[in-house]
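User: I've got a complex to go through before lunch. Can you walk me through it?

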Amino acid sequence: MLSRVANSLYWMSRYIERAENIARIVDVNLQLLLDLRNLNEERLAQHWRPIVQTTGDEQQFFQLHKKATGNAVTEFLVFQMENPNSLVSSICQARENARMVRDQITIEFWEELNRLYWFVKTPQARKTWNESPSEFFQQIKSSSLHLIGLSEATLIHNEGWWFSQVGKFIERADKTSRILDLRYQVPPEQAAPARNTQADASEADALEWSAILRSCSAWDAYKSLCGAQVSPKLVAEFLLFNEDFPRSVRFCVTELNRALRRISGVAEGRFCNSAEKLAGRLVAELQFSTVDEIFEQGLHFYIDQLQTKLNDIGGAMFDAYIFQKFNNLEDEIMVQQEEQQQQFRIRSERTEVA
Amino acid sequence: MVDDCGQIRPHYQQFRELFQALTRKEFENKRQSVDLAFLRQGITFNVYGDSAGAEKIFPFDLLPRIIPASEWEMIERGLVQRITALNLFLHDIYHEQKILSDGVIPPFYVLSGKHFRREFVNFNVPRDIYIHVCGTDLIRDDKGNYLVLEDNGRCPSGVSYVLENRRSMKRTFPVLFERAGVRPVEHYPQELLKMLQHISPVAGSTVVLLTPGCYNSAYFEHTYLARQMGIEIVEGRDLVVRDSRVFMRTTKGLQPVHVIYRRIDDDFLDPTIFRRDSMLGVPGIVQAYRAGNISLANSIGTGIADDKVMYYFVPRMIKYYLDQEPILPNVPTYLASEEADKKYILENLSKLVVKAANESGGYGMLMGPKATKAQVEDFRKKIVAEPRNFIAQPMISLSRHPTRVDGDYYFEGRHVDLRPYIIYGEKIVVAPGGLTRVALRKGSLVVNSSQGGGSKDTWVLYGDQ
């Protein structure tokens, strides 16, 4: 498989997953505001600012906007093309990558992605958004899930497909961890770190934690496992370590690890490149960690490290499969001319001998 | 569709009967759903210099152009004759140059050709085929004769629309198809692949399609063909040359490549040989080609046959190499570098169509009767300054075909041309039909997609009715 093609498939599904997760984050926060009372401007800013921080583009945000108001944040995260990670940008980039590998994906998949693209690119998107943001996000989410289903059920599960799986799960693990971190980016006095974990969270806290669950589609799964009581520790444990929930970090990293091994053919327990080494190590770590240990060192600190590890896996994979000494053009021309000269010299020497 | 006396031509009879059963509303619904399908499937072309809506669909008209079997048989023979002569011509001018020394074509015209590649004189191309894929533009004059307008012997595009148009028509009018007896076009990609394997320097070859990338106007077609043939589509940066061999960069390291169906012009192919600033090409690829380690389709140097001045000489080539009369005649053409012709051209500029010798896509053209005074004068200066670079032809009234238009009549005649596709491999194959392009603007004679053209499905019938 061409390295460029593998790269495009990876980014295509990564951007689709990114768009879906932005939809989840913003949607849940808009709904949350409906539940909160006594919202003054300061409180609102405290609500929105962490959301920008979660997505990791705070610097970019303040270049474009003065204050973290609701409108500014949603505009930045959803529509703004200047933000390369906004929802619409992500969909555009997913499609751009899909266009480059059009021969690798099925007509069904391509048509759906194209439909999504035209939906967000036409005035219809704004109209839907103005009438009902929730409906707008619903469309994005279901389109993304449709794409994931199409990928599963219509694409051939060959090497390229596994690259797209790597992209999807690395992004999902990253975003789940960021969503979980949302709660902790709130300034300390607001976010009373839940040291006292046995105690129930306050009513507002409970609302926020359940919002976090809902934004990962985890509400029902969590309830059936832990009951209706929402405690920070249990939520963190569920989203980080649950073995079977398809959006938990552990699940994603396990799948990511499996995909990497399907690409190389190397069995679990061994590795042939650093991406596999790092992924295998992270799986083990997630399998053998407990939530108590994590709360001791601080959830935010832990999540920060987790994200760095995920980035390292992505980087190592790029080095192993994609990045093969892409010479720049000038160098390549030099190499070729030297080679041609060399051959010319050999040829003329031969003629002299003859 | 209709003859001089207003009678429906026999091969349209059956189509009309079936078609009349449709109400206007049904037709309109079908039309809209086809447009939407095209957009969804991304069957679009990119428009240069238009960033807002960089992608457009190529408007598709649902009324097919129908060609009866006997007429097609004549076209097919004419095209085979022409591509055979052009290949013999290319072999000749890159080797013995007999046609020049025998005085059939003045040597000046060939040697001054912008796309004549001196570097490839005495080079033997694989299997001695130069033009592997050709998309010849045909028109019909007011008497119904088919004439050749130009030979596209470099990287002709548009065949994906032929295939996609057919697919849409089948989906939209399944019943019509069953009854009409239309020859299929779907095997084109297989024929193309067969040809590419035929020219390979080794057995068990790896074939790839080389594209300039996803910003090229024909990118949809490149991916489409690669997918249909089941081969990799590569960009210049995916390929690397080592020891005069071409490799592609894969996730498992470098893998050898043997045949390249390139959709990049000569000029951009290799920055070490041709344009130094080309970011699309592959440094060293020409060296690999010369060493015989890869085959290219089409071969390097076919551009000279696309030169509009060479077009003038094609009937002579047919006579010279094959000792036959051309089955498909040329449009009468005047060469600006012949004194008598130049005089005639300059005196009749406002009646003629003037074309630059090495432009395509409807660019660099003067439509005398429709041009302003300033445009005419501008061309006059250019022709006097560089006569080698211009030819002129009388304005041909292209045949018209009923086409759905906005307005009262709903269906009106619009000018059409026809581009059939010819593949030259082990044998010569002409895909039955081709791309019928239609000038959607009333009275317009320009059918190019970049300038307001659309397309129609082209039906070649098994019989004459």
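Analyst: One term before we start: contact here means heavy atoms within 4.5 Å. Also, this is a predicted model.

User: Fine. How many residues does each chain put into the contact?
Analyst: Chain A gives 39 residues and chain B gives 38 residues.

User: And how much area do chain A and chain B bury between them?
Analyst: About 3,600 Å². Carbon and sulfur atoms carry 47% of that.

User: Which residues in chain A lose the most area to chain B?
Analyst: Leu2(A), Arg4(A) and Arg99(A). Together they make up 18% of what the chain A side buries.

User: What's the salt bridge count between the two chains?
Analyst: Three. Arg4(A) comes up again here: its side chain meets that of Asp238(B) in a salt bridge, at 2.5 Å from N to O.

User: How many residue pairs are in polar contact across the interface?
Analyst: The rule finds 11 pairs, with both residues at pLDDT 80 or more.

User: Which elements of chain A give two or more residues to that side?
Analyst: Helix 1 (3-35), helix 5 (87-100), helix 6 (107-121), helix 9 (159-185) and helix 18 (329-353) of chain A. Helix 18 of chain A has the largest share, with 11 residues.

User: What confidence does the predictor give the complex?
Analyst: The ipTM is 0.72 and the pTM is 0.82.

User: What about chain B, in pLDDT terms?
Analyst: The mean for chain B is 88. Of its residues, 95% reach 70 or more.

User: Where in chain B does pLDDT stay under 50?
Analyst: Over residues 49-53 of chain B. The model has one contact beyond four places in sequence for that stretch. Where pLDDT is low, the predicted coordinates should not be read in detail.

User: Noted. Switching to the sheet in chain B: what's the strand order?
Analyst: It is an open sheet of four strands, in the order 8-7-12-13, with parallel pairing.

User: Which strands stand at the edges, and why is one side of each left without a neighbour?
Analyst: Strand 8 (232-235) and strand 13 (295-297) of chain B. Each has a single partner strand, so one side has no neighbour in the sheet. The twist averages 30 degrees from one strand to the next.

User: How many bridges join strand 7 to strand 12 of chain B?
Analyst: Four. Strand 7 covers residues 207-211 of chain B and strand 12 covers residues 259-262 of chain B; the two run parallel. Val207(B) stands opposite Val259(B) in strand 12.

User: Which helix packs on that sheet?
Analyst: Helix 8 (residues 188-198) of chain B. Helix 8 touches strand 7, strand 12 and strand 13 of chain B. Its direction makes about 135 degrees with that of strand 12.

User: What is Ser205(B) in contact with?
Analyst: Ser205(B) is in the loop between helix 8 and strand 7 of chain B. Leaving aside neighbours within four places in sequence, its contacts are Gln197(B), Ser200(B), His258(B) and Val259(B). The side chains of Ser205(B) and Ser200(B) share a polar contact of 3.4 Å.

User: Back to chain A. Where is Asn85(A)?
Analyst: In the loop between helix 4 (70-79) and helix 5 of chain A. C-alpha to C-alpha, Asn85(A) is 9.4 Å from Gly56(A), and the two are 29 residues apart in sequence.

User: Which residue's side chain does Asn85(A) join in a polar contact?
Analyst: Arg18(A), at 2.7 Å. Beyond four places in sequence, Asn85(A) is in contact with Arg18(A), Ile22(A), Asp57(A) and Ser90(A).

Methods: Residues are numbered from 1 along each chain as its sequence is written. Chains are lettered from A and ligands numbered from 1 in the order in which they are written. Side-chain values use heavy atoms; hydrogens and water are left out. Two strands pair if DSSP finds at least two bridges between them. Axes are lines fitted to C-alpha atoms, for helices over the stretch in contact, and angles run from 0 to 180 degrees between N-to-C directions. A polar contact is a pair of N or O atoms within 3.5 Å; within protein, one must be able to donate a hydrogen and the other to accept it, and residues adjacent in sequence count only if both atoms are side-chain atoms. pLDDT is the predictor's confidence in each residue, from 0 to 100. Buried area is the accessible area (1.4 Å probe) that two parts lose on being put together, summed over both. A salt bridge is a side-chain nitrogen of Lys or Arg within 4 Å of a carboxyl oxygen of Asp or Glu.
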